[in-house]
Amino acid sequence: MRHPKMLTSLLTAALGAGLTLSLSAAPAAASAPSAAYAGSAAEAKANQAFFDAVMKSVAKKRAATPGADAVTVVYSTANAPSFRTQIARSAQIWNSSVVNVRLAEGSNADFAYYEGSDSRGSYASTDGHGNGYIFLDYQQNQQYNSTRVTAHETGHVLGLPDHYSGPCSELMSGGGPGTSCQNAYPNSQERSRVDQLWRYGLASAMKH
């Protein structure tokens, strides 16, 4: 959930590491030097790479449970103890907003939350194989509504890209509307998009 003038929040590590970070590895950004604004080409590449990884996860989970009403995505908060309340609230928000995917805390997690300090802010990253993590930055979570930040980054795991030019009512507008924005809920279009992705996968995504 970066400011529009800062590096976009998708796949920050992947731009320089070729999608090599795994779920079990600690996020490189926790100790890596800050990157400069990458520009629209890099942002587009990052968005596409994360979306591709999410679609692989959708296909894999749907194939494993073809008759299930909802696919369950498991997350871990072990490495983000300071944000357990916000993470739980974020999961509750998404679980009450969509029907075809469910977030649940547990072992053998599909993705993990991490916490720390990074001048680039909070972001979501992936290893390119359906696994990944969300990094929650301390300072940004003090400046912005922390539940909004967490729910926004979780939205990336569910397949939504950043859209900084959107209004406060749009969760994926992230930091675009400014620090006064308190909304932590996806709007109807975002809810519908996630449900389409997790029910029908990429075929549906390409049609909408």
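**Why the labels fit: a guided look**

Visitor: Why does Asn187 count as buried?

Guide: Asn187 has a relative accessibility of 18%. Buried means under 20%, so Asn187 earns the label. Do keep in mind that this is a predicted model.

Visitor: Where does Asn187 lie?

Guide: You will find Asn187 in the loop between α5 and α6. Leaving aside residues up to four places away in sequence, Asn187 touches Ser169 and Glu170.

Visitor: What makes Asn187 a cap of α6?

Guide: Asn187 caps the N-terminal end of that helix, where one of its side-chain oxygens lies 3.2 Å from the backbone nitrogen of Gln189. A polar contact needs a pair of N or O atoms within 3.5 Å, so the 3.2 Å between Asn187 and Gln189 fits.

Visitor: Why does the span of α6 agree with what it should be?

Guide: The helix has 13 residues, and at 1.5 Å a residue α6 should span 18 Å. The expected span is 1.5 Å times one less than the number of residues. The end C-alpha atoms of α6 are 18 Å apart, so the two values agree.

Visitor: Which residues in α6 are buried?

Guide: They are Glu190, Val194, Asp195, Gln196, Leu197 and Trp198. Just after α6 comes Gly201, which takes a positive phi of about 75°.

Visitor: Back in the loop, why does Ser169 count as partly exposed?

Guide: Its relative accessibility is 44%. Buried means under 20% and exposed means over 50%, with partly exposed in between, so Ser169 at 44% falls in the middle class. Ser169 sits in the loop between α5 (146–157) and α6 (188–200).

Visitor: Which residues does Ser169 touch, not counting those up to four places away in sequence?

Guide: Ser169 touches Asn183, Tyr185 and Asn187. Asn183 is 14 residues away from Ser169 along the chain, and their C-alpha atoms are separated by 6.3 Å.

Visitor: How many aromatic pairs does the structure hold?

Guide: It holds seven. One of them joins Tyr75 and Phe111.

Visitor: What makes the pair of Tyr75 and Phe111 tilted?

Guide: The ring centres of Tyr75 and Phe111 are 6.1 Å apart, with 40° between the planes. Pairing requires centres within 6.5 Å, and planes under 30 degrees apart are stacked while those over 60 are edge-to-face. The 40° is in between, so this pair is tilted.

Visitor: Why does the pair tie together parts that are apart in sequence?

Guide: Tyr75 belongs to strand β1 (residues 71–79) and Phe111 to strand β3 (residues 111–116), so the pair ties together parts 36 residues apart. Tyr75 counts as buried at 5% relative accessibility, and Phe111, at 3%, is buried too.

Visitor: Why is the pair of Tyr123 and Phe135 stacked?

Guide: The planes of Tyr123 and Phe135 are at 20° and their centres 5.3 Å apart. Since stacked means planes under 30 degrees apart, the label follows for Tyr123 and Phe135. This pair links strand β4 (residues 123–126) with strand β5 (residues 132–137), the two residues being twelve apart. Both Tyr123 and Phe135 are buried.

Visitor: Which residues do ring pairs link into a cluster?

Guide: Tyr114, Tyr123, Tyr133 and Phe135.

Visitor: Which elements have the lowest and the highest mean pLDDT?

Guide: Helix α1 (residues 14–17) has the lowest, 28, and helix α3 (residues 84–97) the highest, 98. The chain averages 77, while over residues 3–39 pLDDT stays under 50.

Terms used
Residues are numbered from 1 along each chain as its sequence is written. This is a predicted model: local features need pLDDT of at least 70, side-chain atom pairs count only at pLDDT 80 or more; totals for chains, interfaces and linings use all residues. Side-chain values use heavy atoms; hydrogens and water are left out. pLDDT is the predictor's confidence in each residue, from 0 to 100. Helices (H or I, at least four residues) and strands (E, at least two) are DSSP runs, numbered from the N terminus. Contact means heavy atoms within 4.5 Å. Buried means under 20% relative accessible area, exposed over 50%, partly exposed in between (1.4 Å probe, protein chains only). Rings of Phe, Tyr and Trp (its six-membered ring) pair if their centres lie within 6.5 Å; planes under 30 degrees apart count as stacked, over 60 as edge-to-face and the rest as tilted. A polar contact is a pair of N or O atoms within 3.5 Å; within protein, one must be able to donate a hydrogen and the other to accept it, and residues adjacent in sequence count only if both atoms are side-chain atoms.
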